[in-house]
Amino acid sequence: MRRFAEDVGGIQLDSINVLERAHYLTLWSRFGLYDRARLDRLVYGRRLLFEYWAHAACLVPISTLPWWRRAMLDYRVQHTGWSDWLRRNTRTLRRVRETIAQNGPMANADFEGRRPRGSAGWWNWKPVQHALHYLWMSGALAIHSRRHFHKRFDLFERALSGAGVGDAVTTEEFRRWHLERTLHALGAATLTDVAGYFTFPRFGLGGRRAPLADMRARGLVTEIEVEGSTLRWLVLTRDVPALARAGRRAAPSVGTTLLAPFDSLLWYRERVARLFGFDYRIQVYTPSAKRLHGYYTLPILHDGHLIGRVDAKARRLERRLDVLSAHFEPWFASAAPAPGDGVVVERDAAVAGLADALGSLATFVGADEVVAASVTPNRLRAPLQRALRERVPSVRD
């Protein structure tokens, strides 16, 4: 898990709980069944990971703290959108920090209705929420733990006391590291891919120009050609042998899984479309009548190809996994060559792999039964139902 977080740079957090929280679901998707409580102990007990903003709110490796510490310190002076708010809420900011310093870890809700001794009228939940966020982003506070997914904040130096905090790197070192980590995570990337992966801090292409020129001059970054593309592709020079080995494999990956919607593979949607011919959008905020594939759809990854998506929901009280819909990509359903590499994916094996993944997902979310509804195209519904019945104790239409 730590190696995975180091390789991809972060495991995204999100509050949507239709199936499971995003970070739990991502690790199930990548590694299969595991103990969530053990993960929590590794994160909030042993501090192998900590929470900060990378692409969005993420769990990032504690080994990267000197670099993210620089982002925290720079946040205080670079994010000028806070200027007016800080001027109007200096007292709130100070009191929030002092209260946490006195009381230990606190959540947003702990501040509701409270007033520091000798004070009146200043305590309002919304300014406090903003204060907590600013103090976290600027490194005065850290997320100590979570209860029912609600963040509990403590002083940075207290929450991460066992992490060997050390000094922050320089801004120039951080920008080189940020580019290096992005290229390592992506393998090969265009400049727009780089900008779309770690979206924090927002350097823009201009902010990456100097570190990129420096790394190219030192031979750390190499420009390559990608077959069928006219774009400029960049790789870390040290990763070229690994990419060459990957290119010689019969398949880019083997097996079937359901990707969590906030998996890092899906962070930059335009890259996903370019590499996989797969148009993916999270439509949780789209009116239901306008959704194309469902509320919380999980892309189906089979042998390195994105062959479709599943909209699923965990019915916890009934201990049931509802597969509300499964949509297969037209090229897969018609046994046409896959976008990109032109491979014809064997449908029976892919459908069986999807059934295995759904059975594993059902176990992960505590479901004893799977209910499968619509399948597009409909001719693949019967094969999927058969495969599910062979693998899941209880399946209903």
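Modeller: Let's start with one rule: two strands pair if DSSP finds at least two bridges between them. This model is predicted, and in it six strands form an open sheet in the order E8-E9-E10-E11-E12-E13, with mixed pairing.

Colleague: Why do E8 and E13 count as the edges of the sheet?

Modeller: Strand E8 (256-258) and strand E13 (395-396) each have a single partner strand, so one side of each is left without a neighbour in the sheet.

Colleague: How do you know that E8 and E9 are paired?

Modeller: Count the bridges. Pairing takes at least two, and three bridges join E8 to strand E9 (residues 297-302). They pass the test, so they pair. The two strands run antiparallel, and Thr-256 stands opposite His-302 in E9.

Colleague: And what makes E9 and E10 a pair?

Modeller: The test is again at least two bridges. Six bridges join E9 to strand E10 (residues 305-315), therefore these strands pair too. They also run antiparallel. If you want a place to look, the bridge partner of Pro-299 in E10 is Arg-309. The hairpin of E9 and E10 has two residues between the strands, and Asp-303 takes a positive phi near 45 degrees there.

Colleague: Why is E9 called mostly covered?

Modeller: Because buried means under 20% relative accessible area, and six of its six residues are buried. In a regular strand the side chains alternate between the two faces of the sheet. On one side of E9 you have Thr-297, Pro-299 and Leu-301, and on the other Leu-298, Ile-300 and His-302. Both faces are covered.

Colleague: Let's try single residues. Why is Ser-145 called buried?

Modeller: Its relative accessible area is 11%, and the cut-off is under 20%. That puts Ser-145 on the buried side, therefore the name fits. You'll find Ser-145 in strand E4.

Colleague: What makes the link between Ser-145 and Arg-152 a polar contact?

Modeller: The distance limit for N or O atoms is within 3.5 Å, and one atom must be able to donate a hydrogen while the other accepts it. The side chains of Ser-145 and Arg-152 are joined at 2.8 Å, so the pair meets the distance limit. Ser-145 has a side-chain polar contact with His-144 as well, of 2.8 Å. Leaving out residues up to four places away in sequence, Ser-145 touches Tyr-44, His-150, Lys-151 and Arg-152.

Colleague: Why does Ala-352 count as buried?

Modeller: Ala-352 has a relative accessible area of 17%. The cut-off is 20%, and 17% falls under it, so Ala-352 is buried. Ala-352 is found in helix H15 (residues 347-364). Not counting residues up to four places away in sequence, Ala-352 touches Ala-387 and Arg-391.

Colleague: How do you know that Ala-352 and Arg-94 are not in contact?

Modeller: Contact means heavy atoms within 4.5 Å. The C-alpha atoms of Ala-352 and Arg-94 are separated by 58 Å, and Arg-94 isn't among the residues that Ala-352 touches. Along the chain they are 258 residues apart.

Colleague: Over to helix H3 (residues 36-45). Which of its residues are buried?

Modeller: The buried ones are Leu-39, Leu-42, Val-43 and Tyr-44. An α-helix has 3.6 residues a turn, so residues three or four places apart point the same way. What covers the buried residues of H3 includes helix H2 (22-31), strand E2 (49-53), strand E3 (57-61) and strand E4 (141-147). At the start of H3, a side-chain oxygen of Asp-35 reaches to within 3.0 Å of the backbone nitrogen of Ala-37. After H3 comes Arg-47, with a positive phi near 60 degrees.

Colleague: What makes an empty space a cavity and not a pocket?

Modeller: In a cavity a 1.4 Å probe fits but cannot get out, while a pocket is open. A search of the whole structure finds three cavities of 30 Å³ or more. The largest cavity holds about 60 Å³ of space, and 12 residues line it, with Ala-71, Asp-74, Gln-78, Phe-174 and Pro-201 nearest its centre. Helix H4 (65-78) and helix H9 (171-186) each give two or more residues to that lining, and H4 has the largest share, five residues.

Colleague: And the second largest pocket: how many residues line it?

Modeller: There are 23 lining residues, and those nearest the centre are Ser-15, Asn-108, Arg-146, Phe-149 and Lys-151. About 520 Å³ of space lies in this pocket. By class, the lining has 11 nonpolar, seven polar and five charged residues.

Technical notes
Residues are numbered from 1 along each chain as its sequence is written. This is a predicted model: local features need pLDDT of at least 70, side-chain atom pairs count only at pLDDT 80 or more; totals for chains, interfaces and linings use all residues. Side-chain values use heavy atoms; hydrogens and water are left out. On a 1 Å grid over the protein atoms alone, a cavity is a set of points where a 1.4 Å probe fits but cannot get out, and a pocket is an open set with protein on both sides within 12 Å along at least five of seven lines; lining residues have an atom within 4 Å of a point. Grid points are joined across faces, edges and corners, and a volume is the space filled by probe spheres set on the points. Helices (H or I, at least four residues) and strands (E, at least two) are DSSP runs, numbered from the N terminus. Buried means under 20% relative accessible area, exposed over 50%, partly exposed in between (1.4 Å probe, protein chains only). Ala, Val, Leu, Ile, Met, Phe, Trp, Tyr, Cys and Pro count as nonpolar, Asp, Glu, Lys and Arg as charged, and the others, Gly among them, as polar.
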